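Work through the exercises below with the sequence and the model at hand. Try each task before reading its solution.

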Amino acid sequence: MNSNQKIQWFPGHMTKTKRKIQASLKLIDVVVEIIDARIPISSSNPDLAEIIENKPKLVLLNKCDKANKTANKKWIDYYSKKGIKALAVDCKSGKGLNRFVPAVREILSDKFEIQKNKGIKNPILRVMIVGIPNVGKSSFINRVSKQSRAKVEDRPGVTRGNQWYTISNDLEMLDTPGVLWPKFDDETVGLHLAFTGAVKDQIMDIELLAVDFLKAMIIEPTPEFAARFKFDINEIKGYEPYELLKLIGKKRGMLISGGEIDTERAANLVLGEYREGKFGNITLEFPEE
Ligand code: G4P
């Protein structure tokens, strides 16, 4: 990918989504933003703070199984300093999701108290899920929602047409997540989304993408990456990225007629193995110190 390849999003679609989320805000107590723990900056929506105004937010650093554990902690601290609760979760296995309901209750403890003082016996709290494509919204919804949808048609104050999932006896979730857009016009964002597979490879130059990914590997090679291709970890730092790609192709016997190395195949291999987590748990973005 080069800087001319940008992520496309239709302005009309953005306006519609924004309006839909803002209309739903009246019905919910907490916005749950799901991001990818490996790329918390690139996988978050740049306009969310403005869209949700003062609504409390819970951040889920999803796919934490593929991210660096120290980096996960750093991000949780970073959000905490900003007064935002964040949890590292893995919606594929369900790891960390047992902390979701307590975290929402903690965020809403004051509201809970007020409602109880008003004599509301079993106040129900509601959340909505938002996030850019591929961060794990559906995986999250499938994991936490109980089998049946909550029946709310006859409940006062709840707009007809909105469907809710029951999460626990006091927590419900709007059934359709808000699908947001990533930051445009930022080359790093585009690259990081492509590395993790959030942007489809078909629109990318796969070799350029793999070369860009290998740049990061050269700066900070992981033992898993070195072992996978039988490199000496200290040697990796001396390579040029394209040279490294060719070497990987050669080591895997990826040759085309004439004995040339099939760098396109090598590029697909590198990115595929990164996405599968075969190079270890790699976080590509860290909070500012
Ligand atoms: P979305 O609704 O936000 O678009 O995301 P979705 O849940 O469809 O998840 C996108 C991909 O990310 C899926 O993989 C899903 O399995 C994977 N995923 C979601 N959460 C996690 C997680 O915490 N850890 C890991 N490792 N993966 C996660 P897929 O390849 O598209 O589907 P599948 O082959 O897993 O079925």
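**Exercise 1.** In this predicted model, find how strand 4 and strand 7 pair, and over how many bridges.

Solution. Locate strand 4 at residues 125–131 and strand 7 at residues 171–174. The two strands run in the parallel sense, and three bridges join them. For one of the pairs, start at R126: its bridge partner in strand 7 is E172.

**Exercise 2.** Determine in which sense strand 6 and strand 7 pair.

Solution. Strand 6 covers residues 164–168. Its pairing with strand 7 is antiparallel and has four bridges. Y165, for example, has M173 as its bridge partner in strand 7. Next, look at the link: two residues lie between strand 6 and strand 7, and the two strands form a hairpin.

**Exercise 3.** Sort the side chains of strand 7 by direction, and decide whether they are buried or exposed.

Solution. L171 and M173 point one way. E172 and L174 point the other way. Buried means under 20% relative accessible area, and all four of these residues are buried.

**Exercise 4.** Describe the surroundings of the ligand.

Solution. Begin with the count: 14 residues surround the ligand, and D65, N134, K137, S138 and S139 are the closest. By class, three are nonpolar, five polar and six charged. Helix 6 (residues 137–144) gives the most to this shell, with three residues.

Then take distances to oxygen atoms of the ligand. A polar side-chain atom of S138 is 2.6 Å from one, and a polar side-chain atom of D90 is 3.0 Å from one. For G136, a backbone N or O atom lies 3.0 Å from an oxygen atom of the ligand. Finally, on its own the ligand has 710 Å² of accessible area, of which the protein covers 64%.

Methods: Residues are numbered from 1 along each chain as its sequence is written. This is a predicted model: local features need pLDDT of at least 70, side-chain atom pairs count only at pLDDT 80 or more; totals for chains, interfaces and linings use all residues. Side-chain values use heavy atoms; hydrogens and water are left out. A residue is near a molecule or strand if one of its heavy atoms lies within 4 Å of it. A polar contact is a pair of N or O atoms within 3.5 Å; within protein, one must be able to donate a hydrogen and the other to accept it, and residues adjacent in sequence count only if both atoms are side-chain atoms. Accessible areas come from the Shrake-Rupley method with a 1.4 Å probe; for residues, only the protein chains shown count as cover. Ala, Val, Leu, Ile, Met, Phe, Trp, Tyr, Cys and Pro count as nonpolar, Asp, Glu, Lys and Arg as charged, and the others, Gly among them, as polar. Buried means under 20% relative accessible area, exposed over 50%, partly exposed in between (1.4 Å probe, protein chains only). Two strands pair if DSSP finds at least two bridges between them.
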